[in-house]
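Good morning, and thank you for coming. Please take a moment to look over the sequence and the structure before I begin.

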Amino acid sequence: MSDSHRDLIAWQKAMALVTEIYRATEGFPSREMYGLTRQVREAAVSVPSNIAEGKGRQTKRDYLQFLYRARGSLLEVETQLEVGRNLGYLEESRFGVLFNQAAEAGRILNGLITNVRRQIDDGGR
């Protein structure tokens, strides 16, 4: 297991997604600054934040709980991106790129969850 959360591909992918979410939401209407813009940005930031916080916890069970929170936040991001597309705030092509980026981050995060869960099942704390 790596020493730093920064070494985790799941964290790196989530950080890249946050950057792209911020760029994409700059084009949202100003009336959404405290609505959808804020929500999707907060959910996006929550993904790498929970991965990092979990990595810093004392036990693998705690780590796993934070990874589950990260996955929940990622699903929020996907949902909020769909809302943005449905309202015409995101062009279909931009939505597709962001949604695919979120899906890739999700696949990697799910792999990390499986790995940590397996470590727990094998007797790790």
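I shall speak about the nonpolar core, then two helices, and finally a few individual residues.

Please bear in mind throughout that this is a predicted model.

Let me begin with the interior. Which residues touch the most other members of the largest nonpolar core? That core has 33 residues, and the ones in question are I21, I51, L67, V77 and L81. Helix 1, helix 2, helix 3 and helix 4 each supply at least two residues of this core. Helix 4 gives the largest share, with 9 residues.

Two of those residues deserve a closer look. Not counting residues up to four places away in sequence, I21 touches V40, R41, A44, V77, L81 and L98. V77 is found in helix 3. Is V77 buried or exposed? Its relative accessibility is 0%, so V77 counts as buried, the cut-off being under 20%. With neighbours within four places in sequence left aside, the contacts of V77 are L17, I21, V40, A43 and A44. As for distance, V77 and Y34 are separated by 43 residues in sequence, and their C-alpha atoms lie 16 Å apart in space.

I turn now to helix 3 as a whole, which runs over residues 60–86. Its 27 residues should span 39 Å at 1.5 Å a residue, and the C-alpha atoms at its ends are indeed 39 Å apart, so the two values agree. The buried residues of this helix are Y63, L64, F66, L67, A70, S73, L74, V77, E78, Q80, L81 and G84. As a reminder, an α-helix has 3.6 residues a turn, so residues three or four places apart point the same way. Against which helices do the buried residues of helix 3 pack? They pack against helix 1, helix 2 and helix 4. Helix 3 is followed by G88, which has a positive phi, near 85 degrees.

Helix 4, residues 92–121, comes next. This helix has 30 residues and reaches 42 Å from its first C-alpha to its last, close to the 44 Å expected at 1.5 Å a residue. Buried here are F95, L98, Q101, A102, A105, G106, L109, L112, I113, V116 and I120. The partners against which these buried residues pack are helix 1, helix 2 and helix 3. Just after helix 4, G123 also has a positive phi, of about 105 degrees.

I close with two polar residues, beginning with T25. T25 has its place in helix 1. Because its relative accessible area is 4%, against a cut-off of under 20%, T25 is classed as buried. A polar atom of the T25 side chain lies 3.2 Å from the backbone oxygen of Y22. Not counting residues up to four places away in sequence, T25 touches T37, V40 and R41.

The second is E32, in the loop between helix 1 and helix 2. How far from E32 is the nearest side chain of opposite charge? That side chain belongs to R31 and is 4.9 Å away; E32 is buried yet has no salt bridge. What the E32 side chain does reach, at 2.9 Å, is the backbone nitrogen of L36. Leaving aside neighbours within four places in sequence, E32 is in contact with T37, R38 and Y89. T37 thus appears among the contacts of T25 and among those of E32.

Terms used: Residues are numbered from 1 along each chain as its sequence is written. This is a predicted model: local features need pLDDT of at least 70, side-chain atom pairs count only at pLDDT 80 or more; totals for chains, interfaces and linings use all residues. Side-chain values use heavy atoms; hydrogens and water are left out. Helices (H or I, at least four residues) and strands (E, at least two) are DSSP runs, numbered from the N terminus. Buried means under 20% relative accessible area, exposed over 50%, partly exposed in between (1.4 Å probe, protein chains only). Lys and Arg count as positive and Asp and Glu as negative; His and the chain ends are not counted. A salt bridge is a side-chain nitrogen of Lys or Arg within 4 Å of a carboxyl oxygen of Asp or Glu. A polar contact is a pair of N or O atoms within 3.5 Å; within protein, one must be able to donate a hydrogen and the other to accept it, and residues adjacent in sequence count only if both atoms are side-chain atoms. Contact means heavy atoms within 4.5 Å. A nonpolar core is a set of buried Ala, Val, Leu, Ile, Met, Phe, Trp, Tyr and Cys residues joined through side-chain atoms within 4.5 Å. The expected span of a helix is 1.5 Å times one less than its number of residues.
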